[in-house]
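Visitor: I would like a close look at a single part of this chain, with the reasoning laid out step by step. Please begin with the charged side chains and then move on to the helix beside them.

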Amino acid sequence: MSTTTETSPAPAEPRRSWLKEHSELGVSVLLLVLGVLVLTDALTMDVDIAQRGPVGPKTVPVVVGIGLLVVAALLAVDVLRGGRGESETGEDVDLSEPADWRTVLLLAGVFLATAVLIDPLGFPVAGALLFWGAAFALGSRRFDRDPLIAAGLSLLTYVVFNNLLGVPLPGGPLMGVL
């Protein structure tokens with residue numbers, strides 16, 4: 001009588017879905033959509049080329065749109081050939097900890113307040129509130145130092161953009177002073 005030894009099959013490794021293994025294709029699709037959006041917007045722009053010269057306002061958006069489409073295609077080909085992005089090892093983030101929603105909501109509130117206040121108060125005041133509010137939301141509690149640094153950063157940013165770069169920012173009540 002012969003004895004047959006049956007071996008039990010090894011436990012099957014959990015199979016990940018094809019989309020999960022190729023999740024980088026999502027980035028490729030996003031780049032494709034952005035490229036089509038930028039190209040559509042640029043090509044439907046109503047500009048008289050004779051007024052602008054050979055390099056007009058359509059040139060850069062068209063180049064950027066084409067670049068987005070090329071990168072989307074190259075990324076998709078790489079992912080489909082088995083390429084995978086490397087996981088980040090340098091971040092000091094504990095993914096087991098929950099998100100700090102208080103900080104996120106405070107920052108969102110500061111950004112929204114800046115958007116609302118920039119026209120009536122001007123950039124120097126709204127920018128100072130933005131810098132100070134962001135520092136507070138991120139944990140700084142130096143009430144003797146933070147407002148001064150925020151005001152200095154805001155005024156410096158206003159002067160650089162408005163006076164040196166020629167990008168007009170709303171001055172608000174300080175328009176005559178600065």
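Which side chain meets that of Asp144 in a salt bridge, and what is the N to O distance?

Guide: In this predicted model, the partner of Asp144 is Arg142, and the salt bridge between their side chains has an N to O distance of 3.3 Å. Asp144 is exposed, with a relative accessible area of 52%, whereas Arg142, at 39%, is partly exposed. The count of salt bridges comes to two, and the other one joins the side chains of Asp146 and Arg145 at 3.6 Å, again taken from N to O. Here the acidic residue is the covered one: Asp146 has a relative accessibility of 9% and therefore counts as buried, the cut-off being under 20%, while Arg145, at 36%, is partly exposed.

Asp146 also leads into the helix, since α7 comprises residues 146–164. The 19 residues of α7, taken at 1.5 Å a residue, should span 27 Å, and the C-alpha atoms at its ends lie 26 Å apart, so the model agrees with the expected length. The buried residues of α7 are Asp146, Ala150, Ser154 and Tyr158. These residues cover an arc of only 95° around the axis, which means that they sit on the same side of α7. The general background is that an α-helix has 3.6 residues a turn, so residues three or four places apart point the same way. On the face of α7 turned away from the buried side, the exposed residues are Leu148, Leu156 and Leu164. The cover over the buried residues of α7 includes α6, which is formed by residues 123–137. Beyond the helix, α7 is followed by Gly166, a residue with a positive phi near 75°.

For the wider setting, the chain has seven helices and zero strands, and buried residues make up 20% of its 178 residues. Its accessible surface comes to about 13600 Å², with 67% of that area belonging to carbon and sulfur atoms. If one considers the contacts between residues at least 6 apart in sequence, 59% of them join residues at least 24 apart. A residue elsewhere in the chain gives a local example of contacts: Thr114, found in helix α5 (residues 101–121), is buried at 12% relative accessibility, and, leaving aside residues up to four places away in sequence, Thr114 touches Ala126 and Leu130.

Terms used:
Residues are numbered from 1 along each chain as its sequence is written. This is a predicted model: local features need pLDDT of at least 70, side-chain atom pairs count only at pLDDT 80 or more; totals for chains, interfaces and linings use all residues. Side-chain values use heavy atoms; hydrogens and water are left out. A salt bridge is a side-chain nitrogen of Lys or Arg within 4 Å of a carboxyl oxygen of Asp or Glu. Buried means under 20% relative accessible area, exposed over 50%, partly exposed in between (1.4 Å probe, protein chains only). Helices (H or I, at least four residues) and strands (E, at least two) are DSSP runs, numbered from the N terminus. Contact means heavy atoms within 4.5 Å. Accessible areas come from the Shrake-Rupley method with a 1.4 Å probe; for residues, only the protein chains shown count as cover. The expected span of a helix is 1.5 Å times one less than its number of residues. The arc is that of the directions from the helix axis to the C-beta atoms.
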